[in-house]
Amino acid sequence: MQDVIFQVIINNDGNKLNGYLTEIDKGRQVFNPLNVLADLSSPNLRMEIGNEYSALMANSIEELWEDTSDVYDYSVECGFEHLIKIQDNERDLYVRCVKDIRKIMKLDHTITYQELELFKTYLDITTQVTIINRKENPLHKIIKGILPTDTVPISYGYYSLEEAFKQRLENNIIYLYDCFSLRDVIFAILHYLTIHDYKFTKCMHCGRYFATKNLKQKYCKRTSPYINYKEENLKPDKECEEAVRLIQKRLRERRINLYKDYNENNDKDDQKFLNEYRPYEDEIKKYPTLKNLRKYEYFLYHENKLGK
Ligand SMILES: [Zn+2]
């Protein structure tokens, strides 16, 4: 039998989905099961956005997130907090695995068990899952003293992945996946999300995919990559939804101030400015993407005919 080299633990504590990845002999790291699959093998482009002031650049970064296969050498996995080495002999399969995950995220339906099974066979997945019930087991009183903790596995053997699919247990349940490769780790996360009816959708601001049960959720919980070097009031540590609100507010204020200055220096011709800014502002209300926000910002600070 192969050695377990990773362990994945996912549990929902009632408020939040928690993920823990242990690399045997290297220690444990925390991850967000809702975001991590979309962040696989994507170099961290966050800082690069802030360095250059360019609407076009924000655009190309959104495109890069769609497909990083050309700019990424897959020597390490950088989607988790700490880098994980990808062994030479598993690299080809691993690249396929990441590309498949990207295709899966674009599906407009919840993944079926059959699709999961196909993925598993195709990528030679050998993950095994144990489901642990943290609620007190009725047998607990009897066996207390025999087991070291008050956490009692529902089953002492492994659940098959299919059985786990039927169980659909969630709160207070810990899913523990023994993994024999990095592909197994990816599969484990996908397995958890699939059996709990998560779907993937794209964040309306940063353009990255995330898993959710509620497709009305428009924004992910990542930190917005929008960094403005001009004004300090937007610190780059806000989650996408709040960042959008703050950026929209700041651009609106800039527009109001510009307009005020303009009116003080000109008698009329209000319509010209209104015609110019309105399409931008309508667009950032409907689609507050990095690109649209950048475009409007560029207009308000550089392109408009009203002067500074
Ligand atoms: Zn986002």
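## A tour of the chain, stop by stop

Start with the whole chain: residues 24 or more positions apart account for 62% of the contacts with a separation of 6 or more. Two residues are in contact if their C-beta atoms, placed from the backbone, lie within 7 Å. This is a predicted model: local features need pLDDT of at least 70, side-chain atom pairs count only at pLDDT 80 or more, and totals for chains, interfaces and linings use all residues. For your selections, residues are numbered from 1 along each chain as its sequence is written.

Colour by secondary structure. The chain holds 11 helices and 10 strands. Both are DSSP runs, numbered from the N terminus: helices are H or I with at least four residues, strands are E with at least two. Of the 308 residues, 27% are buried. A residue is buried if 20 or more other C-beta atoms lie within 10 Å of its own, exposed if 12 or fewer, and partly exposed in between, with C-beta atoms placed from the backbone.

**Stop 1: the β2–β3 hairpin**

Select residues 17–23 for β2 and 27–31 for β3. The two strands run antiparallel and are joined by five bridges. Strands pair if DSSP finds at least two bridges between them. Click G19 in this hairpin: F31 of β3 stands opposite.

Now go to the turn. Three residues separate β2 from β3 in the hairpin. D25 sits in this loop. Its phi is near 75°, a positive value in a residue other than glycine. Most residues other than glycine have a negative phi. D25 counts as exposed because it has 6 C-beta neighbours inside 10 Å.

Step on to G27, in strand β3. G27 has 9 C-beta neighbours inside 10 Å, so it also counts as exposed. Add F6 to the selection. F6 and G27 are 21 residues apart in sequence, and their C-alpha atoms are 9.7 Å apart in space.

**Stop 2: α4 against α8**

Select residues 91–106 for α4 and 182–195 for α8. Their axes come within 9 Å and cross at roughly 20°. Axes are lines fitted to C-alpha atoms, for helices over the stretch in contact, and angles run from 0 to 180 degrees between N-to-C directions. The angle therefore makes α4 roughly parallel to α8. Angles under 35 degrees count as roughly parallel, over 145 as roughly antiparallel, 65 to 115 as roughly perpendicular and the rest as oblique.

Show the side chains. From α4, L93, Y94, C97 and I101 make the contact; from α8, L182, R183, I186 and L190 do. Seven of these residues are nonpolar, none is polar and one is charged. Here Ala, Val, Leu, Ile, Met, Phe, Trp, Tyr, Cys and Pro count as nonpolar, Asp, Glu, Lys and Arg as charged, and the others, Gly among them, as polar.

**Stop 3: α5 against α8**

Keep α8 and add α5. The axes of α5 and α8 are 11 Å apart, at an angle of about 175°. That angle is why α5 is roughly antiparallel to α8. On the α5 side, pick L116, F119 and K120; on the α8 side, pick F187, L190, H191 and T194. This contact divides into four nonpolar residues, two polar and one charged.

**Stop 4: D124**

Follow α5 (113–122) into the loop before β6 (128–133), where D124 lies. D124 is not a glycine, yet its phi is positive, at about 55°. It is partly exposed because 13 other C-beta atoms lie within 10 Å.
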